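This report concerns salt bridges and the parts of the chain that they join. Please keep the sequence and the model in view while reading.

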Amino acid sequence: MTSRITESLADSCSCRPNSALESLTPALCGYPIRVVNDDLPHASTNGERIKISTGMLDYFASDDELAFVLAHEVSHLLLGHSGAFQGSAAKARELEADLLGIHIVARAGFDVAKAARFPLRLARAHPILNEPHVDYPTSAERFTAIGQGTETSSWRRFETALLMCSGLG
């Protein structure tokens, strides 16, 4: 399942594996995807790879949701979100990765509505995600921002990041 999703997302970013090794391991835009054994649902990137927990994989109700989480994480990489940020800067980066992520999901042909509702569905199961946090937007803030992003023509600013992924930028 994951390889079909990563291939669709990679096609939407115009990025393909650069080596035989990359084509044998799950990767997105050249970044390997590692599954970590953890019941808590989470995903992250360290600038070199995307990590997703078994708890997150067990929680997905559709490929659209998995596509969104993977697209969100690769968006951090494409947008150059590296280093530690706190407060409003960290929140802004999370929302920016959500917006580029939903754009990638749409370009890949996944159901944007299902993908956009994932943060709210996850928060129902994990109410702490609804509580204000200094570094992360609440699930409601994410859902609102994603909705506003899909209703506007603000996606043009992400085209540079997508070209970087394809090697054309």
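## The pair E94 and R142

In this predicted model, a salt bridge joins the side chains of E94 and R142, with an N to O distance of 3.0 Å. E94 belongs to helix α5 (residues 88-107) and R142 to helix α7 (residues 139-151), so this contact ties together parts that lie 48 residues apart in sequence. E94 and R142 are both buried.

## A network around R142

R142 also forms a salt bridge with D98, at 2.9 Å from N to O. Because D98 lies in helix α5 and R142 in helix α7, this pair ties together parts that are 44 residues apart in sequence. E94, D98 and R142 are thus linked in a network of salt bridges.

How buried are the residues of this second pair? The relative accessibility of R142 is 14%, and that of D98 is 2%. Buried means under 20% relative accessible area, so R142 counts as buried, and D98 counts as buried too.

## The pair R121 and E65

The structure holds three salt bridges. One of them is formed by R121 and E65, whose closest N and O atoms are 2.6 Å apart. R121 is located in helix α6 (residues 112-125) and E65 in helix α4 (residues 63-78), so the pair ties together parts that are 56 residues apart in sequence. E65 has a relative accessible area of 5% and is therefore buried.

Note on methods: Residues are numbered from 1 along each chain as its sequence is written. This is a predicted model: local features need pLDDT of at least 70, side-chain atom pairs count only at pLDDT 80 or more; totals for chains, interfaces and linings use all residues. Side-chain values use heavy atoms; hydrogens and water are left out. A salt bridge is a side-chain nitrogen of Lys or Arg within 4 Å of a carboxyl oxygen of Asp or Glu. Helices (H or I, at least four residues) and strands (E, at least two) are DSSP runs, numbered from the N terminus. Buried means under 20% relative accessible area, exposed over 50%, partly exposed in between (1.4 Å probe, protein chains only).
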